[in-house]
Amino acid sequence: MPARRVPQCCRMQESILEQNQQAKKRLKREDAVALAINLANQGKLPAADSLSAQLIAQFPGDANTIAMRAFVLHRLGRLTDAIDVLERAVAADPNLPVFHSNLCEMYRQAGNLDRALEHGLEAVALAPDYPDARNNLGIVQFERSELDAAEAAYRHALKLKPDFAEVHN
């Protein structure tokens, strides 16, 4: 018996339905990621931890979901785990400067100024006009006693965002 041919209009309808389902799934993921971040920011860390672990199981290759998990782990005080997870997010999408900037700060907190510098420089290379990355880089350079470079980073951050309170501190 020959294979049944599906009319072109039916294939198009199936494609549209599939795209709609993917869009709904993406929206649900994005909403859930935002909820996990909000829970962590509200200090509801056990709920944020549980939700972020569930989302990682559901979307193991999604860079933003992975980064959200790192954020929650960091808020839980699990710095080493947060760094490991955020490195996975960078592996999934190495071109997002916020991941590198956050790793810069996390490695600095962990006392690994060499890795902090690497990620700070990468964040600035990816987004030269990102004031948070400039500030994080400046903090690392200051702690490495690279005072001229730190001052330049701070000045650039202030040029980009004159009311940047963190730089003024």
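Reader: How do the residues of the lining of the largest pocket divide into nonpolar, polar and charged?

Author: In this predicted model, the largest pocket has a volume of about 380 Å³ and is lined by 21 residues. Helix H1 (8-41), helix H3 (63-75), helix H5 (97-110) and helix H7 (131-143) are the elements that each give two or more residues to this lining. By residue type, the lining divides into twelve nonpolar, six polar and three charged.

Reader: Which residues of the lining lie nearest the centre of the largest pocket?

Author: Of the 21 residues that line the largest pocket, five are placed nearest its centre. They are Phe71, Leu86, Val98, Asn102 and Met106.

Reader: On the same side or on opposite sides of H8 do the buried residues lie?

Author: Helix H8 comprises residues 147-160, and its end C-alpha atoms are 20 Å apart, in agreement with the 20 Å that its 14 residues should span at 1.5 Å a residue. Within H8, Ala150, Ala153 and Ala157 are buried, whereas Asp148, Arg155 and Lys159, on the other side, are exposed. Because the buried residues cover an arc of only 65 degrees around the axis, they lie on the same side of H8.

Reader: Is Arg88 buried, partly exposed or exposed?

Author: Arg88 lies in helix H4, residues 79-92, and, leaving aside its neighbours within four places in sequence, is in contact with Ile56, Pro60 and Ile66. The C-alpha atoms of Arg88 and Ile66 are separated by 7.1 Å, although the two residues are 22 residues apart along the chain. Since buried means under 20% and exposed over 50%, the relative accessibility of 41% makes Arg88 partly exposed.

Note on methods
Residues numbered from 1 in each chain as written. Predicted model: local features only at pLDDT ≥ 70, side-chain atom pairs only at ≥ 80, totals over all residues. Heavy atoms only, no water. 1 Å grid on protein atoms, 1.4 Å probe; cavity = no way out; pocket = protein on both sides within 12 Å on 5 of 7 lines; lining within 4 Å. Points joined across faces, edges and corners; volume = space filled by probe spheres on them. Helix = DSSP H or I, 4+ residues; strand = E, 2+ residues; numbered from the N terminus. Nonpolar A, V, L, I, M, F, W, Y, C, P; charged D, E, K, R; others polar. Expected span 1.5 Å × (residues − 1). Buried < 20%, exposed > 50% of the residue type's maximum accessible area, 1.4 Å probe, protein only. Arc of directions from axis to C-beta. Contact = heavy atoms within 4.5 Å.
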